[in-house]
Structures are given as C-alpha cells and as structure tokens.
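User: I have a protein model open and want to learn how its rings, cores and sheets fit together. Can we go through it step by step?

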Amino acid sequence: GKIYGWDASTGVGTRASRVSNSPSTALGIFVSDINRTLVAYGAHNGVADDPLNLRWSDAEDDTVWTAAATNTAGSQRCEVGNEIIGAISTRGGHLVSTDAACYFFNYVGGQFIFELNKVATGPSMISPRSGVDADNGIAYIMGPEGFYTFDGAIGDLPCDVQSYVYTDINRAQAFKIHAGTIRQFNEVIWFYCSGTAVEIDRCVVVNTTDGTWWLGDVSRTSWLDSSVVLNYPLGTKADGGIYAHEYGTTDGTTGSITYTLESGDMQIGDG
C-alpha cells in the first residue's frame, strides 16, 4: 500500500496522511539511521509496481523521491526472486530478503549513496518479521525450511527441533510468524501458528550462547524486548491483552504458570 506519516506535534486529533511524493505502492519500509533516509522495499518504480525494487528518499526529507544531482534519492533492484519479503536492521546496514535470496543493503555515500550486494541464494525469510538482530552482531532468521544466521555471511543455524517445528507450522498463516529477543537470557524467540490455527499459538526459542532449543505454547502477536524505556519484555495477545514477561510467576490468571519438562534420548560417551 501507500506510505503514511503522522506528526506528533499536530496532536492526536490529526490523522496520519500519505507522505508526499512517496511511492504509490510498497511492501514495507525501514529507516537508514546512518544518513536518516526513508527506504521503501517492493516499491513502485514510477511506472509500475515492482516487488523487487528498493527505493529511497533524499536524506532527512521523506518528500523527495526522484533522483537528481541535488539530492541523495535513488533506487536499486534485487535481481533474484519474485518479491522482497522483509528487511532486518543489523550491524552496518540492513539484510534484505527476497523469496529466493538475501542481500546486504548499506550506506556507502558518494554518487551511489547505497550499495546492494547479494550474500546468499536460497536462504530467505519466511515472513516480513521472521528475522531479528540479537545485538551481538548477529541476525537470526527463520526461513521456509530452516533457520539461519547472518554476521556478514549467511550460515545455517542447527536446530534440534527443526523437524517438529516445520511439520507443526500452518503455512497458510506463515506471514504472521515474527521474531523477538529476550536479551537478558540470550534468547531469540519465534512465534507461529500451528496445525490449523489462524492465530499464533506456539513458539520456538534458541539460546544464542549455548545453542539450546525449546518449544512453548505462548501466544503473542507482537513483541518488544526490555529496554531503557521498558522494564520487562512486553507481548500482545490476539485478545488485545498486553503481558509483561520475566516478571512474577503468573500468566495473567489466578494460579502459577504450569510447566512441563520432557527430554529425548540421551547418549553417554564411551568411558
């Protein structure tokens, strides 16, 4: 759809409005914090919709999108895939995923402004929000068939429960999958719809320090980690509830949280 902006100085009585001169259609947006530029992916190229096009505004001016010698607006196109699925802010730039490849998009200045380099063919994001930077210089990605990391290069992320997760996912609702972090415990968490569920009802978690994986039935439709603003990770549920995590021993009901622990076969080495 179109790109909208809301100016807080106008007060809550003023609705968001379309950003002037911005692409008439786009699949998503992000901001390059290096030169404060609004970037649209899957953006209309001025003639037609282009689901593989990256287009950006002039620095610090989101109303100028036509490239000229007097501004820094411009565009580049991913050449592998059918559409851009999503983008992750990570160290030095943004990892951009089509449905068939991953690219690294970063600011270089000069006449080119931004650079777009393919870093892998095959690995991709399963949904627009299925990747997250864990603040350790590594981005973690859930793809259509497996998990990956990005630290300048794409690598496989071994998963002990991969077979279970990918058998369990409701692929018709795959675009609802989203990732989050619990930095306090070095965890990356993915929420997804299982079986025939149309709302998120499951999660899978990895500890980025020791590589331990586990499963859960926590239903969260969005997620924010703790920060200087938030004392605890916050998650929303489909019923509209907002829940503080890693706080107390209840889950919003009257008793303590129920828990189970189930292990698989374990082998002891010789000797």
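Analyst: The turns below cover aromatic pairs, nonpolar cores and sheets in this predicted model.

User: How many aromatic pairs does a search of the whole structure find?
Analyst: Two rings pair if their centres lie within 6.5 Å. The search covers the whole structure, and the number of aromatic pairs found is 13.

User: Which kind of pair do the rings of Phe-30 and Phe-105 make?
Analyst: Their centres are 5.9 Å apart. Planes over 60 degrees apart count as edge-to-face. The planes of Phe-30 and Phe-105 stand at 80°, so the pair is edge-to-face.

User: How many residues apart are Phe-30 and Phe-105 in the chain?
Analyst: Phe-30 lies in strand β3, residues 28-32. Phe-105 lies in strand β9, residues 101-109. The pair therefore links distant parts of the chain, and the separation is 75 residues.

User: Is Phe-105 buried or exposed?
Analyst: Buried means under 20% relative accessible area. Phe-105 has 1% relative accessibility, so Phe-105 counts as buried. Its partner Phe-30, at 11%, also counts as buried.

User: Which residues form one aromatic cluster with Phe-30 and Phe-105?
Analyst: The cluster holds both of these Phe residues. The other members are Tyr-41, Trp-56, Tyr-107 and Phe-114.

User: What type of pair do Phe-147 and Tyr-166 form?
Analyst: Their ring centres are 5.7 Å apart. Their planes are at 70°, so the pair is edge-to-face.

User: Where in the chain do Phe-147 and Tyr-166 sit?
Analyst: The pair links distant parts of the chain, 19 residues apart. Phe-147 is buried at 2% relative accessible area, and Tyr-166 is buried at 10%. Phe-147 sits in strand β13 (residues 147-150), and Tyr-166 in helix α1 (residues 162-168).

User: Which element gives the largest share of the largest nonpolar core?
Analyst: This core has 21 residues. Phe-147, Trp-190 and Trp-213 are among those that touch the most other members. The elements giving two or more residues are β12, α1, β16 and β17. The largest share, three residues, comes from β16.

User: Which residues are in contact with Trp-213, leaving aside its neighbours within four places in sequence?
Analyst: Contact means heavy atoms within 4.5 Å. Among the residues that Trp-213 contacts are Leu-157, Pro-158, Cys-159, Asp-160 and Val-161. The rest of the list is Phe-147, Trp-190, Val-204, Val-205 and Val-206.

User: How many residues are in the second, separate core?
Analyst: Tyr-41, Leu-52, Trp-56 and Phe-105 are included in this core. Its residue count is 15.

User: Which are the edge strands of the open sheet β7-β8-β9-β10?
Analyst: The four strands pair in an antiparallel way. Strands β8 and β9 are joined by four bridges, and Leu-95 stands opposite Phe-104 in β9. An edge strand pairs on one side only; here these are β7 (84-90) and β10 (113-121).

User: What does the twist average from one strand to the next in the sheet β19-β20-β21?
Analyst: This open sheet has three strands with antiparallel pairing. β19 and β21 each have a single partner strand, so one side of each is left without a neighbour in the sheet. The twist from one strand to the next averages 20°.

User: Which residue stands opposite Leu-224?
Analyst: Three bridges join β19 to β20, and the two run antiparallel. Opposite Leu-224, in β20, stands Leu-234.

User: Which residue has its charged end over the ring of Tyr-243?
Analyst: The charged end sits 4.3 Å from the ring centre. The residue is Arg-220.

Definitions and conventions
Residues are numbered from 1 along each chain as its sequence is written. This is a predicted model: local features need pLDDT of at least 70, side-chain atom pairs count only at pLDDT 80 or more; totals for chains, interfaces and linings use all residues. Side-chain values use heavy atoms; hydrogens and water are left out. Rings of Phe, Tyr and Trp (its six-membered ring) pair if their centres lie within 6.5 Å; planes under 30 degrees apart count as stacked, over 60 as edge-to-face and the rest as tilted. Buried means under 20% relative accessible area, exposed over 50%, partly exposed in between (1.4 Å probe, protein chains only). A charge sits over a ring if NZ of Lys or CZ of Arg is within 6 Å of the ring centre and within 35 degrees of the ring normal. A nonpolar core is a set of buried Ala, Val, Leu, Ile, Met, Phe, Trp, Tyr and Cys residues joined through side-chain atoms within 4.5 Å. Two strands pair if DSSP finds at least two bridges between them. Axes are lines fitted to C-alpha atoms, for helices over the stretch in contact, and angles run from 0 to 180 degrees between N-to-C directions.
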